[in-house]
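Biologist: Please put the model on screen. I would like to go through its charged pairs, its ligand site and its cysteines.

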Amino acid sequence: MHTLQPLNGRHGASTSADAPTLGWRAAIVEDSPAMKRILAAVALVAPMPSTVLIEGETGTGKELVARAIHDASPRRDKPFVTADCASLPATLIDSELFGYEPGGFTGAARTHVGRFERASGGTLFIDEVGELPIGMQPKLLRALQQRQIDRIGGCQPVSVDIRVVAATNRDLRAMVARGQFRADLYYRLNVFPLRIPPLRARIEELPALAEYFLAKHARRATRPARSLSPAAIERLVRHSWPGNVRELENVVVRAAILSGDAEYVEVEAAMRDVARPARKQALALRDVERRHIEHILERCRGRIEGVGGAAAVLELKPSTLRSRMHKLGISR
Ligand SMILES: Nc1ncnc2c1ncn2[C@@H]1O[C@H](COP(=O)(O)OP(=O)(O)OP(=O)(O)O)[C@@H](O)[C@H]1O
Ligand SMILES: [Mg+2]
């Protein structure tokens, strides 16, 4: 479903009166002050030609915001072209971004138009710009400064009319300090920064997001829409969401499937997978400790105190060992 306005509210169906009226096509849930601030900034910068740098952890919605900027800009009917620096191998980045002429390198038989040129008239979305090899950075900088590119093997620079939106999940400023990212390129990109906070820092937005994904899934599966149980929402809010909104969407879809036809969607089963690695580790550690103590106690024939007692062997105070045993459910 495409909406013409950002979505608001618990069920993502209404638009608040103070929301910017933008023409972006994808629905964006905004139910936290942080997200509202970001979308208000998007509304201001979208019509401008300015470069935008979107920073945020993985799955926070950087690409969604990049598309919203394009959709709300005068370039909305022109191409939105992505150049993902993380997925392009270093050896191909140059030719993919800038293109080449026949004979530009061994095996280049035809002209290849790069992403800069393909984005002409529209928006070039440079994704994961922090992954761009340092050796390629001067060429990108030149392209951004002069709005001209050189195809590999070309004799004439080509002018490109593009709006640039870049995104990264790395701390570019720290990379500059470590000499991994050129300062001049950083300042060229950092004209209008948008920092999308992780989901755990705007957790008040989770119910609206979860309901939105639930409704979206129901529509796709042509099933009636259902709600999450209050306990389910409570459980979701307690998680730290390292994979942010994308992780939430996956959990909600899984929960909807696992809940079958129940009136309310529960999330326990769907969360089990998410929480398992951490819990398994903790359990394993407890297990190891329990087994070790039991083993020593056996060797000491159940004696805790004194010379040759388990506490001495384990280099613990007898009282500490007792409380550890109590915690781990070990009886002598
Ligand atoms: N506020 C939001 N409202 C609705 N859907 C959202 C929102 N934020 C993120 N999503 C959805 O979550 C998923 C992840 O978003 P997106 O791909 O934009 O994240 P990203 O920051 O680019 O992630 P990555 O760093 O891993 O590339 C997408 O399916 C997107 O549509
Ligand atoms: Mg992305």
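What follows is a short exchange on this predicted model.

Biologist: How many salt bridges does a search of the whole structure find?

Modeller: The test pairs a side-chain nitrogen of Lys or Arg with a carboxyl oxygen of Asp or Glu, within 4 Å. Run over the whole structure, the search gives a count of 19.

Biologist: Take Glu55 and Arg195. How many residues apart are the two partners of this pair?

Modeller: Their closest N and O atoms are 2.9 Å apart, so the pair passes the 4 Å cut-off for a salt bridge. Glu55 sits in strand 1 (residues 52-55). Arg195 sits in strand 7 (residues 192-195). The bridge therefore links distant parts of the chain, and the separation is 140 residues.

Biologist: Which partner of that pair is buried, Glu55 or Arg195?

Modeller: Buried means under 20% relative accessible area, and exposed means over 50%. Arg195 has 54%, so Arg195 is exposed. Glu55 has 7%, so the buried partner is Glu55.

Biologist: Which helix holds both Arg67 and Glu63?

Modeller: The side chains of Arg67 and Glu63 meet in a salt bridge, at 3.6 Å from N to O. The two residues are 4 apart, about one turn of the helix. Both lie in helix 2 (residues 62-71).

Biologist: Are Arg67 and Glu63 buried, partly exposed or exposed?

Modeller: Partly exposed covers the range between the 20% and 50% limits. Arg67 has a relative accessible area of 36%. Glu63 has 37%, so both residues are partly exposed.

Biologist: Which helices does the salt bridge between Arg324 and Glu289 tie together?

Modeller: The closest N and O atoms of Arg324 and Glu289 are 2.9 Å apart. The partners are 35 residues apart in sequence. Arg324 lies in helix 13 (residues 318-328) and Glu289 in helix 11 (residues 268-299), so the bridge ties together helix 13 and helix 11.

Biologist: How exposed is Glu289, as a relative accessible area?

Modeller: Its partner Arg324 is partly exposed, at 32%. Glu289 is partly exposed too, with a relative accessible area of 28%.

Biologist: Which residues are joined into one network by salt bridges that share partners?

Modeller: Here the bridges have partners in common. They connect one Glu and two Arg residues: Glu96, Arg115 and Arg118.

Biologist: Now the ligand. Which residue puts a polar side-chain atom 2.6 Å from an oxygen atom of ligand 1?

Modeller: Val29, Thr58, Gly59, Lys62 and Arg246 come nearest among the 18 residues around ligand 1. A side-chain N or O atom of Arg246 is 2.9 Å from an oxygen atom of the ligand. Gly61 brings a backbone N or O atom to 3.1 Å from a ligand oxygen. The 2.6 Å contact belongs to Thr58.

Biologist: How much of the accessible area of ligand 1 does the protein cover?

Modeller: On its own, ligand 1 has 640 Å² of accessible area. Helix 2, helix 8 (206-220) and helix 10 (244-258) each supply at least two residues of the shell. The shell divides into 8 nonpolar, 4 polar and 6 charged residues. The protein covers 86%.

Biologist: Last, the cysteines. How many disulfides does the count come to?

Modeller: A disulfide is a covalent bond between the sulfur atoms of two cysteines. The rule requires a pair of cysteine sulfur atoms within 2.5 Å. Cys85 is buried at 5% relative accessibility, whereas Cys155 is exposed at 78%. By that rule, the number of disulfides is 0.

Methods. Residues are numbered from 1 along each chain as its sequence is written. Chains are lettered from A and ligands numbered from 1 in the order in which they are written. This is a predicted model: local features need pLDDT of at least 70, side-chain atom pairs count only at pLDDT 80 or more; totals for chains, interfaces and linings use all residues. Side-chain values use heavy atoms; hydrogens and water are left out. Buried means under 20% relative accessible area, exposed over 50%, partly exposed in between (1.4 Å probe, protein chains only). A residue is near a molecule or strand if one of its heavy atoms lies within 4 Å of it. A polar contact is a pair of N or O atoms within 3.5 Å; within protein, one must be able to donate a hydrogen and the other to accept it, and residues adjacent in sequence count only if both atoms are side-chain atoms. Accessible areas come from the Shrake-Rupley method with a 1.4 Å probe; for residues, only the protein chains shown count as cover. Ala, Val, Leu, Ile, Met, Phe, Trp, Tyr, Cys and Pro count as nonpolar, Asp, Glu, Lys and Arg as charged, and the others, Gly among them, as polar.
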